Amino acid sequence: MNPNNSGVETIDDKQFYQLGSHLLHSIEVALEAADDALDLDLDVERQGGNVINIRFKDKSVIVVNTQPPLHEIWVAAKAGGFHYRWAGTYASPLWVDYKTGRELLSDLTQFVSAQAGQPVVLGLH
């Protein structure tokens, strides 16, 4: 546990890699399910193991990638660039943007919906 925030479990490099890999895989699965359900015509491509490129019909792109040295998840979308830090526990994973305080899944759902031009719900497992 992190003594500065008793609700957050600290993570080391190996744990970040595991959590980040699981998160990226979960995002891919959720996007594919949303694409199948809503016919969004997404192109979801994994690049280099730690980057997901999400291409939309209008040729716009959202990029989600891990930043291992910083233990952060970065998202680049039309709305801007966002950096998320681990703020959870293994039982309740949570990535929070350190500037806005917003949660990654909530933001990503909003970004995907905006760029897809329709409401999209992403459920991560």
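Colleague: What order do the six strands of the open sheet take?

Modeller: Bear in mind that this is a predicted model. The six strands form an open sheet with antiparallel pairing, and the twist averages 20° from one strand to the next. Reading across, the order is 1-2-3-4-5-6.

Colleague: Which strands stand at the edges, each with a single partner strand?

Modeller: An edge strand has a single partner, so one side of it is left without a neighbour in the sheet. That fits two strands here: strand 1 (43-47) and strand 6 (95-97).

Colleague: And in strand 6, which residue is the bridge partner of Arg85?

Modeller: Strand 5 (residues 80-86) pairs with strand 6 in the antiparallel sense, over three bridges. Follow Arg85 across to strand 6 and you land on Val96.

Colleague: Okay, helix 2 next. At about what angle does it run to strand 3?

Modeller: Helix 2 lies across strand 3 (61-67), strand 4 (72-77), strand 5 and strand 6. Against strand 3, helix 2 runs at about 155°.

Colleague: Which helix gives the largest share of the lining of the largest pocket?

Modeller: That pocket holds about 240 Å³ of space. Of its 14 lining residues, the closest to the centre are His22, Leu23, Pro93, Trp95 and Leu124. Helix 1 (13-38) and helix 2 (104-116) each supply at least two lining residues. The largest share, five residues, comes from helix 1.

Colleague: By class, how many residues of that lining are nonpolar?

Modeller: Set aside the one charged and three polar residues of the lining. The nonpolar count is ten.

Definitions and conventions:
Residues numbered from 1 in each chain as written. Predicted model: local features only at pLDDT ≥ 70, side-chain atom pairs only at ≥ 80, totals over all residues. Heavy atoms only, no water. 1 Å grid on protein atoms, 1.4 Å probe; cavity = no way out; pocket = protein on both sides within 12 Å on 5 of 7 lines; lining within 4 Å. Points joined across faces, edges and corners; volume = space filled by probe spheres on them. Helix = DSSP H or I, 4+ residues; strand = E, 2+ residues; numbered from the N terminus. Nonpolar A, V, L, I, M, F, W, Y, C, P; charged D, E, K, R; others polar. Pairing = 2+ DSSP bridges. Axes fitted to C-alpha atoms, helices over the stretch in contact; angles between N-to-C directions. Contact = heavy atoms within 4.5 Å.
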